[in-house]
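Reader: I have a model open and want to learn how to read it. Where should I begin?

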Amino acid sequence: MTGNSPSAWPAVVRLAQYTKTEISEILGDGDDPFGVAEAGLSWLPKEEHFGIRRDGCLVAHAGLLMVPLSIGGVETKVVGLGGVAVTPELRGHGLARMVVTAALTHARTMGPQHGLLFCRPPLVPLYQRLGWRTLQQDVHVEQPDGPVVMPLRTMWTPLHDDASWPEGPVRLLSLPM
Ligand SMILES: CC(C)(COP(=O)(O)OP(=O)(O)OC[C@H]1O[C@@H](n2cnc3c(N)ncnc32)[C@H](O)[C@@H]1OP(=O)(O)O)[C@@H](O)C(=O)NCCC(=O)NCCS
């Protein structure tokens, strides 16, 4: 492998599984690889997985899960994006862009109008760069002891040309992804 331009990287592939083994392949065995433990939330695993393998090793991942949501009292579904991760020594070369782009291409075939993600505040500019917009309101999410206000930032992206975000209180009707 030579060069660091996106065309020099192996293509993004669908992964048959994404378990703790694959997560530690990318991020190592730390307790809090995504830096969100402080929020104390329970999360759902993702269902569809997109990754980049280099020399047989998984080096990047993005996951998707369709989740139920209520906006202004109207129930709908969104495609949740999560588990975006790039191995530390390969960050800053566009690999997150590649896996997120591949995941969103698939998300557009899943039906919902919007993609949704939760992230730490320092990652907002990165996701903005990838076309995501910040939702400037509290978002309630389910937790084992009942709904809580999501302490992380909530961002959305249109999955279809004419999708705008409807007005009204937003409530995720599941654990976050
Ligand atoms: C967050 C993470 C996935 C980013 O991976 P990466 O491969 O370094 O990201 P990329 O190089 O693809 O960058 C994506 C885009 O964001 C831009 N970007 C990166 N950091 C930025 C910042 N602080 N401000 C603005 N833009 C930024 C990049 O320039 C790139 O845009 P471009 O393609 O138009 O140049 C990686 O740091 C990581 O694995 N972190 C630990 C796990 C984690 O916290 N995941 C997030 C879960 S929500």
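Reader: How many bridges join strand 4 to strand 5, and do they run parallel or antiparallel?

Author: Count the bridges, then check the direction. This is a predicted model. Two strands pair if there are at least two bridges between them. Here 2 bridges join strand 4 to strand 5, and the two strands run parallel.

Reader: Which residue of strand 5 is the bridge partner of Gly 80?

Author: Leu 116 is the partner of Gly 80.

Reader: How many bridges join strand 3 to strand 4?

Author: Strand 3, residues 57-71, is joined to strand 4 by 11 bridges. This pair runs antiparallel. For one position to click on, take Ser 70, which stands opposite Glu 75 in strand 4.

Reader: What links strand 3 and strand 4?

Author: Look at the turn. Strand 3 and strand 4 form a hairpin, with 2 residues between them. Check the backbone angles there too. Gly 72 in the turn has a positive phi, about 60 degrees.

Reader: Now the ligand. Where does it sit?

Author: Start with the pocket, then list the neighbours. The ligand sits in the largest pocket. There are 20 residues around it, and those that come nearest are Val 84, Val 86, Gly 92, Arg 97 and Arg 120.

Reader: Which elements supply this shell?

Author: Strand 4 (74-86), helix 2 (95-107), strand 5 (114-119) and helix 3 (124-129) each supply at least two residues. Helix 3 gives the most, with 4 residues.

Reader: How do the shell residues divide by type?

Author: Sort them by side-chain class. The shell has 13 nonpolar, 3 polar and 4 charged residues.

Reader: Which backbone atoms lie close to polar atoms of the ligand?

Author: Look for N and O pairs within 3.5 Å. A polar backbone atom of Val 84 is 2.7 Å from a ligand nitrogen. For Val 86, a backbone N or O atom lies 2.8 Å from a ligand oxygen. For Ala 96, a backbone N or O atom is 3.1 Å from an oxygen atom of the ligand.

Reader: How much of the ligand does the protein bury?

Author: Compare the ligand alone with the ligand in place. Alone, the ligand exposes 970 Å², and the protein buries 73% of that.

Technical notes:
Residues are numbered from 1 along each chain as its sequence is written. This is a predicted model: local features need pLDDT of at least 70, side-chain atom pairs count only at pLDDT 80 or more; totals for chains, interfaces and linings use all residues. Side-chain values use heavy atoms; hydrogens and water are left out. A residue is near a molecule or strand if one of its heavy atoms lies within 4 Å of it. A polar contact is a pair of N or O atoms within 3.5 Å; within protein, one must be able to donate a hydrogen and the other to accept it, and residues adjacent in sequence count only if both atoms are side-chain atoms. Accessible areas come from the Shrake-Rupley method with a 1.4 Å probe; for residues, only the protein chains shown count as cover. On a 1 Å grid over the protein atoms alone, a cavity is a set of points where a 1.4 Å probe fits but cannot get out, and a pocket is an open set with protein on both sides within 12 Å along at least five of seven lines; lining residues have an atom within 4 Å of a point. A molecule sits in a cavity or pocket if more than half of its atoms lie within 2 Å of its grid points. Ala, Val, Leu, Ile, Met, Phe, Trp, Tyr, Cys and Pro count as nonpolar, Asp, Glu, Lys and Arg as charged, and the others, Gly among them, as polar.
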